Amino acid sequence: QPFAVTFGFVEKYLFSTIMEKDPTGKLEKDSLDRVAPGGGGVAREEMPFYHHRHTNPPPNRQKFKIPRKRATKLFSEINEYAMKKCKESKPEVFDVPFKPGDAIEIVQVNNGGVNSTDMQTVRGVMLGEHKRGLGHGVYIRDMVLGEAIERKIQLYSPLVKSVKILEKNFVKKGKKKIKRAKLFYLRNRPPSECRVTQERKK
């Protein structure tokens, strides 16, 4: 508050000084740049910190075309192109209409690289999605050997081969509609509610 009062007083004093010197309000540019008590002062261009914006912006200035933002724009365009190509090459993954609460089965490479034939099947209840471009993944939760296991599978990974829906609305058993995008509350529930993999009987 004291600073605001002082600043207001100085502003009123400057305005009164200008009006006394030029009642018509027609001041030259040099006098405008050198406004100070007593008629002296420092020009704006000579100030140590010149933060005033340009009155006339540069012409034909386009967003994301300046060098400062060009790299970010190019990186996002490369990611979008890679995502588009990946969706076209793997319809068995991205064309499956699975939702949170569904029991799904994911087939991915277990060992040996992209061209390996060693596959692994992972099942679980989908808890939600993590949408971050090429890092787009799904959280699945299952119960194996009496222990709750939660995994995050990245769908754009070349190791993921296919996604299959085992049961729609597995959490509510089809009785109620799931309206949440994240079902993380199942972490505090008994692990048996997320049991998708059936244990083999000896």
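Accessible areas here come from the Shrake-Rupley method with a 1.4 Å probe; for residues, only the protein chains shown count as cover. This is a predicted model: local features need pLDDT of at least 70, side-chain atom pairs count only at pLDDT 80 or more, and totals for chains, interfaces and linings use all residues. Residues are numbered from 1 along each chain as its sequence is written, and side-chain values use heavy atoms, with hydrogens and water left out.

**Exercise 1. State the accessible surface of the protein and the share that belongs to carbon and sulfur atoms.**

Step 1. The surface comes to about 15500 Å².
Step 2. Carbon and sulfur atoms hold 54% of that surface.
Step 3. Of the 202 residues, 25% count as buried (under 20% relative accessible area; exposed is over 50%, partly exposed in between; 1.4 Å probe, protein chains only).

**Exercise 2. Give the order of the elements from the N terminus on.**

Step 1. The protein has four helices and five strands. Both are DSSP runs, numbered from the N terminus: helices are H or I with at least four residues, strands are E with at least two.
Step 2. The order is α-α-α-α-β-β-β-β-β.

**Exercise 3. Locate Ser116 and find what its side chain reaches.**

Step 1. Ser116 sits in the loop between β1 (103–109) and β2 (119–130).
Step 2. Ser116 counts as buried because its relative accessibility is 15%.
Step 3. Its side chain reaches the backbone oxygen of Asn111 at 2.7 Å. The backbone nitrogen of Asp118 is reached at 3.1 Å.
Step 4. Set aside neighbours within four places in sequence. Ser116 is then in contact (heavy atoms within 4.5 Å) with Val109 and Asn111.

**Exercise 4. Analyse the two aromatic pairs.**

Step 1. Apply the criterion. Rings of Phe, Tyr and Trp (its six-membered ring) pair if their centres lie within 6.5 Å; planes under 30 degrees apart are stacked, over 60 edge-to-face, the rest tilted.
Step 2. Phe94 and Tyr156 are tilted, at 4.8 Å centre to centre and 40° between the planes.
Step 3. Phe94 is in helix α4 (residues 91–94) and Tyr156 in the loop between β4 (147–154) and β5, 62 residues apart. Tyr156 is buried, at 9% relative accessible area.
Step 4. Tyr139 and Phe184 are edge-to-face, at 5.8 Å and 85°.
Step 5. Tyr139 lies in strand β3 and Phe184 in the segment after β5, so this pair ties together parts 45 residues apart in sequence.
Step 6. Compare burial. Tyr139 is buried at 19%, whereas Phe184 is partly exposed at 30%.

Conventions:
Polar contact = N/O pair within 3.5 Å; in protein donor to acceptor, adjacent residues only side chain to side chain.
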